[in-house]
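I opened this notebook to record what I looked up in the structure. The entries follow the order in which I went through it.

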Amino acid sequence: MNIQITVSPDVYRGASAYAAEHNTSVKEMLVSYLEKLRPSRLHADDAEAKLQDLIGLTKGFHLDDDDLNGDKAKSKYLNSKFVKG
């Protein structure tokens, strides 16, 4: 299926120049960008596992759905390790 989109000539010229500088095409850039936006549970699971490994949370901690970047879990881990009392 082919779908056409309309953008302003200035936007297209800028994208075309950028694509040329990076040895690609506007179409390839757009397809690549849109692929990154497509939700994939497999990728989300992989990313969560890698994040847990990176911040040392493999000892029974789990990232909550609202803790996308792991800040809450990291803070909890560091507090349990270094804060007395």
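**Entry 1: the largest pocket.** I began with the largest pocket, which holds about 500 Å³ of space. I then listed its lining, which comes to 14 residues; those closest to the pocket centre are Ile3, Ile5, Val26, Lys27 and Leu30. I note here that the model is a predicted one.

Which element gives the most to this lining? I found that it is H2, with six residues. H1 and H2 each supply at least two lining residues. Sorted by class, the lining has 12 nonpolar residues, one polar and one charged.

**Entry 2: leucine 30.** I picked leucine 30 for a separate look, as one of the residues closest to the centre of the largest pocket. Leucine 30 lies in helix H2. Is it buried or exposed? Neither term applies: I recorded leucine 30 as partly exposed, because its relative accessible area is 36%, and that class covers values between the limits of 20% for buried and 50% for exposed.

I also checked its position against alanine 15. The two are 15 residues apart in sequence, and their C-alpha atoms are 9.6 Å apart in space.

**Entry 3: the nonpolar patch.** I turned next to the surface, where leucine 30 appears again, now as a member of a nonpolar patch. The other members I wrote down are Met1, Ile3, Ile5, Val7, Val11, Tyr12, Tyr33, Leu34 and Leu37. Together the patch residues have about 1100 Å² of accessible area. The elements that give two or more residues to the patch are H1 and helix H2, which spans residues 26–37.

Which element gives the most to the patch? Here too I recorded H2, with four residues. Tyrosine 33, one of the patch members, lies in helix H2. I note that Ile3, Ile5 and Leu30 belong to the patch and are also among the residues closest to the centre of the largest pocket.

**Entry 4: the salt bridge.** I closed with the charged side chains. How many salt bridges does the structure hold? I found one. Side chains of opposite charge can pair when their charged atoms come close.

The partners are arginine 13 and aspartate 10, with their closest N and O atoms 2.4 Å apart. Both residues lie in helix H1, which covers residues 9–21. They are three residues apart, about one turn of the helix. I entered both arginine 13 and aspartate 10 as exposed.

Technical notes. Residues numbered from 1 in each chain as written. Predicted model: local features only at pLDDT ≥ 70, side-chain atom pairs only at ≥ 80, totals over all residues. Heavy atoms only, no water. Salt bridge = Lys/Arg side-chain N within 4 Å of Asp/Glu carboxyl O. Buried < 20%, exposed > 50% of the residue type's maximum accessible area, 1.4 Å probe, protein only. Patch = residues over 30% accessible without salt bridge, like charges linked within 9 Å, V, L, I, M, F, W, Y side chains within 5 Å. Areas by Shrake-Rupley, 256 points an atom, 1.4 Å probe, with all protein chains shown as cover. 1 Å grid on protein atoms, 1.4 Å probe; cavity = no way out; pocket = protein on both sides within 12 Å on 5 of 7 lines; lining within 4 Å. Points joined across faces, edges and corners; volume = space filled by probe spheres on them. Nonpolar A, V, L, I, M, F, W, Y, C, P; charged D, E, K, R; others polar.
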